[in-house]
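Hi everyone, thanks for coming. I'd like to walk you through a structure that is probably new to most of you, so let's put it up on the screen.

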Amino acid sequence: LLTANVQTDNFASKAVAWTHNGGEKVTIDPLGNVTIAPDFEGNSITVTATSVFDSAQSATATITVTNGE
C-alpha cells in the first residue's frame, strides 16, 4: 500500500493520481494498492504521486521487486 502525505493551504484537495513505469504488469488503484503480476520481469518500478489540485506538485519513489524464491 502506497500513501502520499499531502499538505495544502485552505481547502485544496489532497487527492493524488498514481502513475508508474511498470507497464501492463503493474497496477495501482486510487487508494494506493499496488499489484504486480507474477510474470513481471523488471527489478524495480518507479511510482509517481501527482497532486490532482496542482499537477506541478509531485514526488517519486522506487519499489524494488524480488522474486521471492
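Let me begin with a question for you: what percentage of the residues in the protein is buried? Have a quick look before I tell you. Buried residues come to 22% of the 69 residues. Please keep in mind that we are looking at a predicted model.

Now the overall picture. The protein has zero helices and five strands, so if you read along the sequence, the pattern is simply β-β-β-β-β. Along the principal axes, the C-alpha atoms fill a box of roughly 50 × 20 × 20 Å. As for contacts with a separation of 6 or more, 37% of them are between residues 24 or more positions apart.

Let's move on to the sheet. Three strands make an open sheet, in the order β1-β4-β5, and their pairing is antiparallel. β1 and β5 are at the edges with a single partner strand each, so each has one side without a neighbour in the sheet. From one strand to the next, the twist averages 20 degrees. If you zoom in on β4 and β5, you will find seven bridges joining this antiparallel pair. One bridge to look for is the one between T50 and its partner in β5, S58.

Keep S58 in mind, as we turn to the largest pocket. Its volume is about 220 Å³. The lining has 17 residues, and the closest to the centre are A4, W18, A49, S58 and A59. Which elements give two or more residues to this lining? They are β1 (16-20), β4 (44-51) and β5 (58-64). The largest share, five residues, is from β4. Sorted by class, the lining holds nine nonpolar and eight polar residues, with no charged ones.

Finally, one residue to pick out on your own screen: N21. You will find N21 in the loop between β1 and β2 (26-28). Is N21 buried or exposed? Its relative accessibility is 53%, and the cut-off for exposed is over 50%, so N21 counts as exposed. Setting aside neighbours within four places in sequence, N21 still has contacts, with I45 and T46. And here is a pair to try with the distance tool: N21 and I63 are 42 residues apart in sequence, while their C-alpha atoms are 11 Å apart in space.

That's my tour. Thanks for listening, and I'm happy to go back to any part of it.

Definitions and conventions:
Residues are numbered from 1 along each chain as its sequence is written. This is a predicted model: local features need pLDDT of at least 70, side-chain atom pairs count only at pLDDT 80 or more; totals for chains, interfaces and linings use all residues. Side-chain values use heavy atoms; hydrogens and water are left out. On a 1 Å grid over the protein atoms alone, a cavity is a set of points where a 1.4 Å probe fits but cannot get out, and a pocket is an open set with protein on both sides within 12 Å along at least five of seven lines; lining residues have an atom within 4 Å of a point. Grid points are joined across faces, edges and corners, and a volume is the space filled by probe spheres set on the points. Helices (H or I, at least four residues) and strands (E, at least two) are DSSP runs, numbered from the N terminus. Ala, Val, Leu, Ile, Met, Phe, Trp, Tyr, Cys and Pro count as nonpolar, Asp, Glu, Lys and Arg as charged, and the others, Gly among them, as polar. Two strands pair if DSSP finds at least two bridges between them. Axes are lines fitted to C-alpha atoms, for helices over the stretch in contact, and angles run from 0 to 180 degrees between N-to-C directions. Buried means under 20% relative accessible area, exposed over 50%, partly exposed in between (1.4 Å probe, protein chains only). Contact means heavy atoms within 4.5 Å.
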